[in-house]
Amino acid sequence: MNASTRIETGMMTSKGQILIPKAIRNAAGLLPGQPYKVSLDSDGRVTVAPLGDGPADIEMRRQAQAKAIDLLAGRFFFGGSTDEVMRELRGNYAP
């Protein structure tokens with residue numbers, strides 16, 4: 001590993017549950033109620049990380065955003081140019 005490694009130990013319950021120590025959860029950015037992913041590499045190492053931090057997750061999010069934008073594109077018309085719409089929303093506001 002390139003970064004320094006912090007090791008803490010624990011025991012798995014009879015139900016197969018493990019507790020990730022608070023210091024490790026904090027260092028990894030794991031939050032209560034947040035989705036996470038567990039992966040196993042070819043050397044048998046288990047990794048737990050917040051969902052959405054890896055390159056594949058970022059690309060999947062980018063594709064979902066592009067799809068949502070494509071679905072909305074051209075569906076709304078406010079009846080004027082951007083400047084006209086902003087003037088209508090702001091009134092005679094001058095910064």
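**Salt bridges and a strand hairpin in the predicted model**

Arg62 and Glu59 lie three residues apart in helix 2 (residues 55–72), and are therefore separated by about one helical turn. In this predicted model, the side chains of the two residues meet in a salt bridge, with an N to O distance of 2.8 Å. Arg62 is partly exposed, its relative accessible area being 44%. Glu59 likewise counts as partly exposed, at 32% relative accessibility. Salt bridges with shared partners also join Asp41, Asp43 and Arg45 into one network.

Within this network, Arg45 is bridged to Asp43, and the closest N and O atoms are 2.4 Å apart. Arg45 also forms a salt bridge with Asp41, for which the closest N and O atoms are 3.5 Å apart. Both distances satisfy the criterion applied here, which places a side-chain nitrogen of Lys or Arg within 4 Å of a carboxyl oxygen of Asp or Glu. By this rule, the count for the model comes to three salt bridges. Side chains of opposite charge can pair when their charged atoms come close.

The accessibility of the network residues was also computed. Asp43 counts as exposed, with 58% relative accessibility, because the threshold for that class is over 50%. Arg45, at 41%, counts as partly exposed, and Asp41, at 33%, is also assigned as partly exposed.

The model further contains a hairpin of strand 1 and strand 2, with five residues between the strands. Strand 1 comprises residues 36–40 and strand 2 residues 46–50; the two pair in the antiparallel sense over five bridges. Ser39 has Thr47, in strand 2, as its bridge partner. In the hairpin, Gly44 takes a positive phi near 85°.

A nonpolar patch is found on the surface, made by Tyr36, Val38, Leu40 and Val46, and covers about 460 Å². Strand 1 provides the largest share of this patch, namely three residues. Val38, one of the patch residues, lies in strand 1. With a relative accessible area of 53%, Val38 is exposed, because this value falls in the class defined as over 50%. In a regular strand the side chains alternate between the two faces of the sheet.

Terms used
Residues are numbered from 1 along each chain as its sequence is written. This is a predicted model: local features need pLDDT of at least 70, side-chain atom pairs count only at pLDDT 80 or more; totals for chains, interfaces and linings use all residues. Side-chain values use heavy atoms; hydrogens and water are left out. Two strands pair if DSSP finds at least two bridges between them. Helices (H or I, at least four residues) and strands (E, at least two) are DSSP runs, numbered from the N terminus. Patches are made of residues with over 30% relative accessible area and no salt bridge: like charges are joined within 9 Å, nonpolar side chains (Val, Leu, Ile, Met, Phe, Trp, Tyr) within 5 Å. Accessible areas come from the Shrake-Rupley method with a 1.4 Å probe; for residues, only the protein chains shown count as cover. Buried means under 20% relative accessible area, exposed over 50%, partly exposed in between (1.4 Å probe, protein chains only).
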